Amino acid sequence: MEFIALPVSKGDSFILKDDKYNYVVDGGFNESGITAMVKEEIGEQDIEILICTHYDEDHLNGVIGLIKSTIDINEIWLPSIFAGAEGYLDEYSALFDNYESEYEDENDEELLSEIEDFKEEDGISVSTNKRKKTYRMRANLRKVYTKILPRIKKLLEACRQRKGKSTIRWFKYNHWHKEYKVHNYPLIGLNCEEVKVIRPYKSLGALILDLTLINRMGLVFKYERKKFPNVLFCSDSNFVFTGRRKSNKVYLKEKSIVTAPHHGAEENKNVYKKVIGKSLIYVRSDEQTTLRPCKAYKRLRLKYCTICNSSSTHRKVKIKYRSGAWFTMNRPCRC
Ligand SMILES: [Zn+2]
Ligand SMILES: [Zn+2]
């Protein structure tokens with residue numbers, strides 16, 4: 001078995017190769033370039049499963065690149081929110097294109113109050129500072145119209161081109177922790193399950209609310225096979241799905257690999273307390289920033305980065321598992 005963190009300029013892209021298949025989780029920020037990086041690792045082999053954990057461009061753009069490439073991909077696993085959004089994509093495509101120049105803020109008022117209602121129904125706390133709140137929601141709306149929905153549209157169009165060649169599976173985010181197996185695959189959803197029937201969103205407001213919460217809703221998968229350690233793909237999740245109770249944790253086998261949650265961001269620091277296992281190896285990718293990685297990450301004993309704060313170039317992290325141990329030529333993280 002081999003685990004590779006690709007040296008993408010921004011975001012995450014991971015390859016897991018076992019004795020049967022190649023799995024790719026997310027594609028990093030760049031639509032171009034990713035295909036060559038993946039081919040360098042898998043040669044002429046195909047990808048058994050390509051997963052996109054959520055809509056953020058540093059995870060999704062490269063997935064579009066791979067879907068458009070000539071690499072054979074057996075299955076593509078996507079958040080069901082993408083399929084739920086489909087009905088709105090054509091309806092609002094003129095809006096995406098002209099939002100900055102033509103759209104009147106007043107048109108948003110109704111939508112904004114609708115979103116607030118949904119939030120209260122869902123038990124999401126609504127800030128009391130109304131001006132700040134409205135400003136934030138407006139910024140969110142702009143992002144949804146001009147960036148997120150067009151990106152999802154592009155990805156779904158690329159999937160359509162693959163029709164008949166790749167199986168698409170949709171995964172619904174669950175706000176609880178339960179393991180869902182998908183067929184006989186060794187990838188288990190920890191906060192998501194496959195859904196066959198997609199219900200379109202009742203309204204644009206309901207869709208936007210989910211889209212603005214999606215970092216939290218990034219799909220988390222665990223690789224589980226008897227003869228290997230686990231690999232936990234944390235995405236940008238803050239593991240809020242495990243609940244507030246301290247006892248609800250994710251237990252991994254000794255020497256399992258964990259991808260650093262949200263590229264090591266401070267707001268995801270609780271994940272390190274929720275993931276339990278002996279001699280875990282953390283792998284972090286993303287760009288170089290002064291804010292990341294956080295202290296909780298820096299305190300970890302075994303860790304590797306595609307770019308440490310002390311270096312200026314991205315490098316691939318490649319770790320091989322053989323006879324019960326991991327081997328790597330990479331230097332440990334020096335963040
Ligand atoms: Zn990210
Ligand atoms: Zn580092």
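Pro-79 stands opposite Phe-171 in β6, one of the pairings in a predicted model whose strands and helices are taken up below. β6 (residues 167-173) and β5 pair in the parallel sense over 5 bridges, where two strands count as paired if DSSP finds at least two bridges between them. On β6 there is also an antiparallel pairing, with strand β9 (residues 192-195), over 4 bridges; here Trp-170 stands opposite Val-195. Helices (H or I, at least four residues) and strands (E, at least two) are DSSP runs, numbered from the N terminus.

As for conventions, residues are numbered from 1 along each chain as its sequence is written, and chains are lettered from A and ligands numbered from 1 in the order in which they are written. Local features need pLDDT of at least 70 and side-chain atom pairs count only at pLDDT 80 or more, while totals for chains, interfaces and linings use all residues; side-chain values use heavy atoms, with hydrogens and water left out.

Overall, the protein comes to 9 helices and 18 strands. Of its 335 residues, 55% count as buried, that is, under 20% relative accessible area (exposed is over 50%, partly exposed in between; 1.4 Å probe, protein chains only). Contacts, meaning heavy atoms within 4.5 Å, reach a long way along the chain: among those with a separation of 6 or more, 68% are between residues 24 or more positions apart.

Towards the start of the chain, strand β2 (residues 14-17) runs antiparallel to β3, joined by 4 bridges, and a hairpin of 4 residues connects the two. Phe-14 has Val-25 of β3 as its bridge partner. β3 then pairs with β4 in the parallel sense over 3 bridges, with Val-24 partnered by Leu-50. Between these two strands the chain passes through α1, and the resulting β-α-β crossover is right-handed, which is to say that, with the strands pointing away from the viewer, the path from the first strand over the helix to the second runs clockwise. In a regular strand the side chains alternate between the two faces of the sheet. Strand β3 (residues 22-25) is covered on both faces, with Asn-22 and Val-24 buried on one side and Tyr-23 and Val-25 buried on the other.

The largest nonpolar core (a set of buried Ala, Val, Leu, Ile, Met, Phe, Trp, Tyr and Cys residues joined through side-chain atoms within 4.5 Å) holds 46 residues, of which Val-38, Phe-82, Leu-155, Leu-207 and Leu-211 touch the most other members. Elements giving two or more residues to this core include α1 (34-42), β4 (47-51), α2 (57-68) and α7 (204-212), but α6 gives the most, with 10 residues. Beyond its neighbours within four places in sequence, Leu-155 is in contact with Leu-60, Val-63, Ile-64, Ile-67, Leu-78 and Phe-82. Another core, of 29 residues, lies apart from this one, with Tyr-185, Leu-187, Val-231 and Ile-281 among its members.

An open sheet of 7 strands with mixed pairing has the order β7-β8-β10-β11-β13-β15-β16. β7 (180-181) and β16 are at the edges with a single partner strand each, so one side of each is left without a neighbour in the sheet. At the β16 edge, strand β15 (residues 281-284) runs parallel to β16 over 3 bridges, and Tyr-282 has Lys-303 as its bridge partner.

Turning to the metals, the zinc ion (ligand 1) is coordinated by Asp-58 (OD), His-59 (NE2), Asp-236 (OD) and His-263 (NE2) at 2.1 to 2.7 Å. Donors are N, O and S atoms within 2.8 Å of the metal (3.2 Å for Na, K and Ca); water is not among the atoms, so sites may look incomplete. The donor spacing is D-H-x176-D-x26-H. Asp-236 lies in the loop between β11 (231-233) and β12 (250-251) and His-263 in the loop between β13 (257-259) and α8 (271-274), so the pair ties together parts that are 27 residues apart in sequence. Asp-236 is buried at 2% relative accessible area, and His-263 is buried at 1%.

The zinc ion (ligand 2) has Cys-305 (SG), Cys-308 (SG), Cys-333 (SG) and Cys-335 (SG) as its protein donors, 2.3 to 2.5 Å away, spaced C-x2-C-x24-C-x1-C. Cys-308, in the loop between β16 (303-305) and β17 (317-322), and Cys-333, in the segment after β18 (325-328), link distant parts of the chain, 25 residues apart. Both are buried.
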